[in-house]
Amino acid sequence: MNGLTGAYVPGSSLLHRLPAGAKLAALAAACTVLVLLRSPLALAVAGVLVAALYALSRVGVAAAWAQVRPVRWFAVALFGTQLVFAGLDGAISTTLRVVLAVALAGLVTLTTRTAAMMRTLERCLSPARLVGLDPFRLSLLLSLTVRSVPVVASLAGRVREAQRARGVERSLRAFAVPLVVSSLRHADALGEALSARGLDD
């Protein structure tokens, strides 16, 4: 495990050896393509390609599943909502689009060390010095934001499971309050870790 909240899996695959900048640029391009794809068939083909990339990375099935597992309930809720407002094709397309984007982002974090990602982001954000901003802190913020998404999604999954165990699946309060509390606890723990590393300001 690499970084504060990272999920880096050591390896020697082609994806591991690619520069962090190339992977981040490819991720941005791939997410743009996913937005432009409209038909469920085209997105299904994109899903096959994403699966092939995971196979190429050799990170393992468990690590791959861990990237999309936290958003499974969100995907179900999204599909149901879109089914009502956009029809079956729209629901399938939107849900696939989100799940594939999460999977691709997860693949980047699995095959990229946090330090390499932050160095790349810091170089890209170096013009921010002209307006008095610290590129290092900006890159740290972006990196933590990206890596916090699956953490919060995982917390949401745990809260949803606890709801089902208590028989209050339909209660918004029973979902929102524990999720907010858990997220704040995670933020506090992350803040303490950053403070220990001299980044408390």
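Helices here are DSSP runs of H or I at least four residues long. By that reading, residues 44-65 of this predicted model are 86% helix and 0% strand, and the C-alpha atoms at the two ends of the stretch sit 17 Å apart. Residues 20-37 come out at 94% helix, again with 0% strand, and here the end C-alpha atoms are 26 Å apart. Both stretches carry a label in UniProt: an unreviewed entry lists 20-37 and 44-65 under "transmembrane region". Such annotations may be inferred rather than shown by experiment.

Zooming out, the chain has eight helices and zero strands, and reading along the sequence gives α-α-α-α-α-α-α-α. The radius of gyration is 18 Å, close to the 17 Å that the globule rule gives for 201 residues, so the chain is as compact as a globular protein of that length. Along the principal axes, the C-alpha trace spans about 50 × 40 × 35 Å. Of the contacts between residues at least 6 apart in sequence, 68% join residues at least 24 apart.

As for the surface, the chain exposes about 11,800 Å², and 68% of that comes from carbon and sulfur atoms. Buried residues account for 32% of the 201. On the charge side, there are 21 positive and 9 negative side chains, with the centres of the two sets 9 Å apart.

A few individual residues help to fill in the picture, starting with Lys-23. This lysine belongs to helix α2, which covers residues 20-36. Its relative accessible area is 6%, under the 20% cut-off, so Lys-23 counts as buried. Setting aside residues up to four places away in sequence, Lys-23 touches Leu-15, His-16 and Leu-18, along with Val-108, Thr-111 and Thr-112.

Helix α5 runs over residues 72-111 and holds Ser-93. With a relative accessible area of 3%, Ser-93 is buried as well. Beyond its neighbours within four places in sequence, the contacts of Ser-93 are with Arg-38, Ser-39, Pro-40 and Leu-43.

Gln-67 sits in helix α4 and is buried, at 10% relative accessible area. Leaving out residues up to four places away in sequence, this glutamine touches Ala-7, Tyr-54, Val-102, Gly-106, Thr-109 and Leu-110. Gln-67 is also 120 residues from Ala-187 in sequence, and the C-alpha atoms of the pair are 20 Å apart in space.

Over in helix α8 (residues 172-196) is Leu-190. A relative accessibility of 14% puts Leu-190 among the buried residues too. In sequence, Leu-190 and Gly-157 are separated by 33 residues; in space, their C-alpha atoms are 20 Å apart.

Arg-58 makes a contrast with these buried positions: its relative accessible area is 58%, over the 50% cut-off, so Arg-58 is exposed. This arginine is found in the loop between α3 (40-57) and α4 (61-68). Its backbone also deserves a look. Most residues other than glycine have a negative phi. Arg-58, however, has a positive phi of about 55° although it is not a glycine. Arg-58 also falls within the 44-65 stretch that the unreviewed UniProt entry lists as a transmembrane region.

Note on methods: Residues numbered from 1 in each chain as written. Predicted model: local features only at pLDDT ≥ 70, side-chain atom pairs only at ≥ 80, totals over all residues. Heavy atoms only, no water. Rg over C-alpha atoms; globule rule 2.2 N^0.38 Å. Buried < 20%, exposed > 50% of the residue type's maximum accessible area, 1.4 Å probe, protein only. Contact = heavy atoms within 4.5 Å. Areas by Shrake-Rupley, 256 points an atom, 1.4 Å probe, with all protein chains shown as cover. Lys, Arg positive; Asp, Glu negative; His and termini not counted. Charge placed at Lys NZ, Arg CZ, Asp CG, Glu CD.
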